[in-house]
Amino acid sequence: MMSRQFQILLQRSKTTTHLLQLHSLILKTAIDHNPLLISQFIFSISSVSIELARLVFDRLPIRATVFVWNTIIRAYTKSSVPIEAVKLFSQMQRVGLKPDNFTYPFVVKACGRSFMVGEGEALHSMIVKRGFDSDWYVGNTLLRMYADLNAVGHARWVFDEMTVRDVVSWSSMIAGYVACNCPADALMLFRHMMLAREKPNSITLVSLLSACTRLLNIGVGESIHSYIIVNCIGLDVALGTAILEMYSKCGHIEKALQVFNSMTEKNLLSWTVMISGLADHGHEHAISLFTQMEQTGLQPDSTSFSGILSACSHLGLVDEGQNFFNQMVRIYNIKPRMEHYGCMVDMFARAGMIEEAYEIIKNMPMEPNSVILRSFIGACRSHGCVLDFDQNLRRLLLKIEPGIGANYVLASGVSSLSGCWNEAADLRVSMKEKGLRKVPGWSRVEVSGSYTEEIVQEAVS
């Protein structure tokens, strides 16, 4: 009878206050000596308060079951302190309990999230010794861990050793290649996936589109988009956003806008990607789209404001840019970051408002980076405006990036403009002595019919 009442109370307890009251009842009635009921209690509270769950766990009067250990480890893996899951795993072994096939995936995830390379490899060895490497779920988790640790070679070894692969295995490996900046390998693996007659899901396709975006390969991207349409794959938020970002980054902004308008559901990232794409292509529609986003009730974040400030910079909308910057700080209480200050400096510099750009740099709470300095010093040279503060900023640029030849050329040019011929000559000599040179400008030209493009188009046809 008490057991049934306890379970009813547990189902109704949704807040920390209610759970604390229930915990008091547990202590008074000695329910904490019942392994089944205390396991249910810890499982329920772990999703509400990991601190309370740990308190109950540490004070258990009985030996905790593997299920209880797994519950706490799992909760810590999902928390902001996943390293605690790894510590608990070590403690679990010290008390003589054997981890099961549920324990290992939780700890593997924790190693990946905590960037614990050595511990992750040691855990992998333990998994192999105890025969859990044949478990497909454990294998998939190991694969994702190595990808998180940027060890894509290890991830591929795990993938190749798997006797059974499902769509999660293929998707994880493809996502790992993309995350480790190997987009061409991701597309090649997709061909093998199709040859293995494993159908991709929306998660797979998001990773593939991300690979196309990184490669700026519109041909493969369009083939994947066609595959989605032909196979009637639902366009969820993540997939729709990936398609419009691919088109936007590859220069097809109109197609990106078509995809954006066709999406029945959009999140903040969808709006931000579209606004940034329009900004990069110099479309004033970015401004009105930002306003539309606010009207939907979505609250812009730091990235959203980076996109709209960039749009104002490219379009020369100084007043609007200042208004958006003030709105970000005063209305949304977003603390400006380096990229926001960079947009403001670039906006003023493009408009020839050198003094205003300098005021932004002077009042920044952090030291400007090389991008901001190049933008400002370049504007000084372009507009023939040489001020007393140029020299300090030139020196800072060369201090931050002493190995970039273009920085010496820029600094030398401004020195010549200000009449400091000796300093300009010294900079040229220093550049020569260090063996530096300015890298010539270049453009990317897409040539259709590449090998990778052909095999992917063949795979999705």
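This is a short walk through one chain, from its overall make-up down to a few helices and single residues.

A word before we start. The model is predicted.

Let's take the whole chain. It has 27 helices and zero strands. There are 461 residues, and buried ones make up 47% of them. Now the contacts between residues at least 6 apart in sequence. Of these, 60% join residues at least 24 apart. The accessible surface comes to about 23300 Å². Carbon and sulfur atoms account for 53% of that surface.

Next, the core. The largest nonpolar core holds 128 residues. Which of them touch the most other members? Met274, Ile308 and Phe376 do. Take Ile308. Setting aside neighbours within four places in sequence, Ile308 is in contact with Ile275, Ala286, Ile287, Phe290 and Phe324.

Now helix H8. H8 covers residues 117-129, which is 13 residues. At 1.5 Å a residue, H8 should span 18 Å. The end C-alpha atoms are 19 Å apart, so the length agrees. Which residues of H8 are buried? Gly120, Leu123, His124 and Ile127 are. Look down the axis of H8. The buried residues fall within an arc of 105°, so they line one face of the helix. Here is the general background. An α-helix has 3.6 residues a turn, so residues three or four places apart point the same way. What does the buried part of H8 pack against? Four helices: H6 at 83-94, H7 at 103-114, H9 at 136-148 and H10 at 152-161. Just after H8 comes Gly131, with a positive phi of about 80°.

On to H13, residues 202-215. H13 has 14 residues and should span 20 Å at 1.5 Å a residue. Its end C-alpha atoms are 20 Å apart, which agrees. The buried residues in H13 are Thr204, Leu205, Ser207, Leu208, Leu209, Ala211, Cys212 and Thr213. Their cover includes H11, H12, H14 and H15, the last of these at 237-249.

How is the N-terminal end of H13 capped? Asn201 does it. A side-chain oxygen of Asn201 lies 3.1 Å from the backbone nitrogen of Ile203.

Look at the loops on either side of H13. Before it, between H12 (183-195) and H13, sits Arg197. Arg197 has a positive phi of about 60°, although it is not a glycine. Is Arg197 buried or exposed? It counts as exposed, because its relative accessibility is 77%, and the cut-off for exposed is over 50%. After H13 comes Leu216, in the loop that leads to H14 (218-230). Leu216 is also a residue other than glycine, and its phi is positive, near 55°. At 30% relative accessibility, Leu216 counts as partly exposed.

Staying around H13, let me turn to Ser171. Ser171 is found in helix H11, residues 167-179. With a relative accessible area of 6%, Ser171 is buried. Where does its side chain reach? To the backbone oxygen of Val167, at 2.7 Å. Leaving out neighbours within four places in sequence, Ser171 is in contact with Asn201 and Thr204. We have met both of those. Asn201 is the cap of H13, and Thr204 is among the buried residues of H13.

Last stop: Ser310 and Asp280. Ser310 is in helix H19, residues 302-315. Asp280 is in helix H17, residues 268-280. Ser310 counts as buried, because its relative accessibility is 16%, and buried means under 20%. Asp280, at 48%, counts as partly exposed. What does each touch, beyond neighbours within four places in sequence? Ser310 is in contact with Ala279, Asp280 and Cys343. Asp280 is in contact with Ser310 and His314. One more distance for Asp280. Asp280 and Gly251 are 29 residues apart in sequence. In space they are 9.4 Å apart, C-alpha to C-alpha.

To recap. The chain has 27 helices and zero strands. The buried residues of H8 line one face, because they fall within an arc of 105°. H13 is capped by Asn201 and followed by Leu216 with its positive phi. Ser171 touches Asn201 and Thr204, and Ser310 touches Asp280.

How values were computed: Residues are numbered from 1 along each chain as its sequence is written. This is a predicted model: local features need pLDDT of at least 70, side-chain atom pairs count only at pLDDT 80 or more; totals for chains, interfaces and linings use all residues. Side-chain values use heavy atoms; hydrogens and water are left out. Helices (H or I, at least four residues) and strands (E, at least two) are DSSP runs, numbered from the N terminus. Buried means under 20% relative accessible area, exposed over 50%, partly exposed in between (1.4 Å probe, protein chains only). Contact means heavy atoms within 4.5 Å. Accessible areas come from the Shrake-Rupley method with a 1.4 Å probe; for residues, only the protein chains shown count as cover. A polar contact is a pair of N or O atoms within 3.5 Å; within protein, one must be able to donate a hydrogen and the other to accept it, and residues adjacent in sequence count only if both atoms are side-chain atoms. The expected span of a helix is 1.5 Å times one less than its number of residues. The arc is that of the directions from the helix axis to the C-beta atoms. A nonpolar core is a set of buried Ala, Val, Leu, Ile, Met, Phe, Trp, Tyr and Cys residues joined through side-chain atoms within 4.5 Å.
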